[in-house]
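Here is a short tour of one model, meant to be read with the structure open beside you. Let's start with a single helix and work outwards from there.

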Amino acid sequence: DHKYDVLHVQTPYSPFMGARCIKYVDKSTAVIGTFHIMPNSRLISFANNLLGIWLHKSLKRFDKMLSVSTAAQKFAKQSFRIDSNVLPNVVDYARFSQANIRSEFDDETVNILFLGRLVPRKGCLTLLEAVKKLSETKDLPKYRVIICGKGPLDKELRDFVAANQLDSVVKFEGFVSEADKPSYYASADIAAFPSIAGESFGIVLIEAMAAGSAVLAASNPGYASVLEPFENALFEPKDSDALASKLHKLITDSVYRKECAIKQADYAKQFDINTVGAMLVAIYENALINRRDR
């Protein structure tokens, strides 16, 4: 009824909702897709292969397909047999770069932040195992680990902290709202994201970098694609020894830590909504021109 200029479909999409919208959209409407996911199991990969076959007819209606990263782009080709261009996820850079440090963490202590769901895939246990190794090291500067998030592993992680006498350095903050998130990032000298798999991009990396944190991340395909210019910031998933070593370097060498944070913050500017948003609008406009010239 409305004859929209653009229908932007987040992909993979449901054959019962997304496919119906595509079927009934006006012929003058440009249809754009963005491929988001990176599966973390063979079962999910197989299911998406089947979904790609099911959606084959509606996929022909797309004027342009995008992917949020090279990892998502590769999976789009493997599962849906479609070519796509990379256009990354975005952040409001100013919202994070201008955030204030939380008063309770504004002291001489080096703050290490984890922000994410407390589920096995996000790898918080790997971080705590690395912290246990750090606790066995003498003469480290004072540091604290701030765990933000909730999930089914909450009790297990708290038990691990208690069993290894890490209560004095590990602080569980629970669920953090979107409104409070920038201030937690701004409070972090170091942000660690040890996610094991299933990441197609890693918006948390960009948010943390924009806020001035020195970021470390597991080298799953999505995170590795975002941090490609910063190989020293990556470590193998589940490798708590490697993470402990990188944390040790950042904790003990404040000059190196600040240099990393400055370089990463500058890199994160390219993901600002004002930059990527303008690119997306240009894609919309070109797709509309091509469709209406037919």
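## Helix H6 and its length

This is a predicted model, and helix H6 is a good place to begin. H6 covers residues 124-135, and its twelve residues should span 16 Å at 1.5 Å a residue. The C-alpha atoms at its two ends lie 17 Å apart, which agrees with that expectation.

Which residues of H6 are buried? They are Cys124, Thr126, Leu127, Leu128, Ala130, Val131 and Leu134. The cover over these buried residues includes four strands, E5 (110-115), E6 (143-148), E7 (170-174) and E8 (190-193), together with the helices H7 (154-163) and H11.

## H6 beside H7

Two packed helices are described by the angle between their axes and the distance between the axes. For H6 and H7, the axes come within 11 Å and cross at roughly 5°. Angles under 35 degrees count as roughly parallel, so H6 is roughly parallel to H7.

On the H6 side, the residues in contact are Cys124, Leu125, Leu128, Glu129 and Lys132. They meet Glu156, Leu157, Phe160 and Val161 of H7. By class, this contact has six nonpolar residues, three charged ones and no polar ones. Two of the H6 residues named here, Cys124 and Leu128, also appear among the buried residues of that helix.

## H11 against H12

How do the axes of H11 and H12 cross? Helix H11 (residues 240-252) and helix H12 (residues 254-268) have axes that come within 5 Å and cross at roughly 105°. An angle of 65 to 115 degrees counts as roughly perpendicular, and therefore H11 is roughly perpendicular to H12.

H11 contributes Lys249, Leu250, Ile251 and Thr252 to the contact, while H12 contributes Ser254, Tyr256, Arg257 and Cys260. Sorted by class, these residues are four nonpolar, two polar and two charged.

## The cysteines

A disulfide is a covalent bond between the sulfur atoms of two cysteines. How many disulfides does the structure hold? It holds zero. Cys124 is in no disulfide, and the nearest cysteine sulfur, that of Cys148, is 10.0 Å away; a disulfide would need the two sulfur atoms within 2.5 Å.

Is Cys124 buried or exposed? Its relative accessibility is 2%, so Cys124 counts as buried. Cys21, by contrast, is partly exposed, with a relative accessible area of 34%.

## Ser219 and its surroundings

Ser219 sits in the loop between strand E9 (214-218) and helix H10 (221-226). With a relative accessible area of 24%, Ser219 is partly exposed. Leaving aside residues up to four places away in sequence, Ser219 touches Ala224, Leu234, Phe235, Glu236 and Pro237. Ser219 and Leu247 are 28 residues apart in sequence, and their C-alpha atoms are 15 Å apart in space.

## Backbone details in the loops

Three loops are worth a look for their backbone geometry. In the loop between strand E1 (6-11) and helix H1 (18-24) you will find Pro12. The peptide bond leading from Thr11 to Pro12 is cis, with omega near 5°.

Which loop holds Asp139? Asp139 lies between H6 and E6, and its phi is near 65°, a positive value in a residue other than glycine. Asp139 is exposed, with a relative accessible area of 81%. Gln165 also has a positive phi, near 55°, and belongs to the loop between H7 and E7. At 70% relative accessibility, Gln165 counts as exposed.

Definitions and conventions
Residues are numbered from 1 along each chain as its sequence is written. This is a predicted model: local features need pLDDT of at least 70, side-chain atom pairs count only at pLDDT 80 or more; totals for chains, interfaces and linings use all residues. Side-chain values use heavy atoms; hydrogens and water are left out. Buried means under 20% relative accessible area, exposed over 50%, partly exposed in between (1.4 Å probe, protein chains only). Axes are lines fitted to C-alpha atoms, for helices over the stretch in contact, and angles run from 0 to 180 degrees between N-to-C directions. Angles under 35 degrees count as roughly parallel, over 145 as roughly antiparallel, 65 to 115 as roughly perpendicular and the rest as oblique. Contact means heavy atoms within 4.5 Å. Ala, Val, Leu, Ile, Met, Phe, Trp, Tyr, Cys and Pro count as nonpolar, Asp, Glu, Lys and Arg as charged, and the others, Gly among them, as polar. The expected span of a helix is 1.5 Å times one less than its number of residues.
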